[in-house]
Amino acid sequence: MIEFVLGESDLVDVRFAVSPLNELTLSLRVLKDPARYPLHLPFARRIRDVDTEVLLALSNDRGWTPDFLSPRPQTPFTKIADEFAALREVSTRTMRRHLRAVLGEVPAVLRDRDRVLEALETYWHVALAGHWDRMRAVLEADIAHRGREMAQHGLAAMLSGISERITFSSPVVRVLIKGVEPRRVEARGQGLTLMPSLFARRTAVPVDPEAPPLLIYAARGAGTVWETGRASGPAALVRVLGQVRADLLAGLGEPRSSTDVARRTGVTTSAVNQHLRALRDAGLLASQRHGRSVVYARTELGDALVSHSSGRGSNSADPPFSRT
């Protein structure tokens with residue numbers, strides 16, 4: 001059991017963050033053992049021309065990786081260039097200490113610092129950079145959902161909704177992680193950072209017991225990132241909305257950015273934005289801005305319309321986020 005003890009200032013400093021370097025790091029689990037991550041097999045099959053010898057050596061049999069590869073983000077939406085710049089500033093001594101904490105020793109292939117850094121940057125550009133916009137949209141949609149849950153139902157309900165392994169009884173957040181030595185971490189004004197990940201199966205915390213409170217958890221909708229093709233709107237819906245808007249509404253059961261919607265449908269981004277705004281103004285979609293992205297998803301009304309048009313009956317699920 002990991003315990004994060006939050007003081008008064010920490011309780012009002014529970015923050016969410018997205019980290020591209022963290023996603024890179026956790027995706028190494030998929031590279032090492034694709035069979036354990038069936039949702040990400042389409043991603044794993046596309047990876048070519050990377051230094052697998054280095055990348056596979058960076059994690060142990062449980063998929064744990066050294067803490068220098070999963071730094072606590074200083075801003076909600078960190079850029080990969082900034083994270084790589086910070087990574088280059090990490091001392092060789094610190095890197096090796098973190099490697100030993102996870103691997104027991106520093107494998108020979110990881111003793112060449114420049115090779116490690118080059119392998120990570122190449123892997124980002126080859127395997128992840130082209131997918132990052134839609135990856136980030138799913139992560140940001142998850143944050144919007146968790147933020148609404150916390151606002152409506154409180155911190156304890158939001159945390160338990162992330163995982164049954166997380167409980168909160170003020171002022172202590174408890175995280176059950178098998179195979180980890182129990183420890184108690186005093187936040188002491190550092191707050192608690194929550195970081196959704198597409199590649200986390202459950203929950204993860206830093207290896208270093210002295211590290212500030214950081215909780216990585218599995219994001220909602222991770223499997224939608226690698227989907228291809230476009231959803232086709234039900235015929236009854238097409239007669240009311242037209243083919244393009246019916247297809248857009250049918251395809252937004254999970255939150256997506258307008259850029260991702262345009263990529264999937266083959267419609268220009270400017271045209272997609274016009275259609276999405278029209279559907280939003282009609283109350284069929286909700287939108288939420290995160291950084292440079294605007295994420296859209298169906299409202300309860302939109303869900304009901306798609307369900308009835310498809311002959312599946314009504315769907316009373318909550319909307320992914322509040323309408324703006």
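Let me start with Asp51, which is partly exposed in this predicted model, its relative accessible area being 22%. That value sits just on the partly exposed side of the boundary, because a residue is called buried under 20% relative accessible area. The side chain of Asp51 meets the side chain of Arg115 in a salt bridge, with 2.8 Å from N to O. Asp51 lies in the loop between α3 (41-45) and α4, whereas Arg115 belongs to helix α7, residues 113-128, so this pair ties together parts that are 64 residues apart in sequence. Arg115 is likewise partly exposed, with a relative accessible area of 28%.

How many salt bridges does a search of the whole structure find? The search finds 12 of them, and I would like to walk you through a second and a third pair, so that you can set them beside the one between Asp51 and Arg115.

The second pair is Arg136 and Asp133, whose side chains meet in a salt bridge at 3.5 Å, again from N to O. Here both partners sit in helix α8, residues 132-153, and because they are three residues apart in that helix, about one helical turn separates them. Are the two partners buried or partly exposed? Arg136 is buried, with a relative accessible area of 11%, while Asp133 counts as partly exposed at 41% relative accessibility.

For the third pair, please look at Arg298 and Asp303, which form a salt bridge whose closest N and O atoms are 2.7 Å apart. Arg298 counts as buried at 10% relative accessibility, and Asp303 is buried too, with a relative accessible area of 8%. Salt bridges can also share partners, and in this way Glu3, Arg174 and Arg184 are joined into one network.

Let me turn, finally, to charges on the surface. Which residues form the positive surface patch? The patch is made up of Arg36, Arg62, Lys178, Arg201 and Arg202. To take one of these residues as an example, Arg62 lies in the loop between α4, residues 52-57, and α5, residues 80-89. Arg62 counts as partly exposed, at 41% relative accessibility, and this fits its place in the patch, because patches are made of residues with over 30% relative accessible area and no salt bridge.

When you go back to the structure, you might begin at the loop that holds Asp51, follow the salt bridge across to Arg115 in helix α7, and then look for Arg62 in the loop between α4 and α5.

Key
Residues numbered from 1 in each chain as written. Predicted model: local features only at pLDDT ≥ 70, side-chain atom pairs only at ≥ 80, totals over all residues. Heavy atoms only, no water. Patch = residues over 30% accessible without salt bridge, like charges linked within 9 Å, V, L, I, M, F, W, Y side chains within 5 Å. Areas by Shrake-Rupley, 256 points an atom, 1.4 Å probe, with all protein chains shown as cover. Salt bridge = Lys/Arg side-chain N within 4 Å of Asp/Glu carboxyl O. Lys, Arg positive; Asp, Glu negative; His and termini not counted. Charge placed at Lys NZ, Arg CZ, Asp CG, Glu CD. Helix = DSSP H or I, 4+ residues; strand = E, 2+ residues; numbered from the N terminus. Buried < 20%, exposed > 50% of the residue type's maximum accessible area, 1.4 Å probe, protein only.
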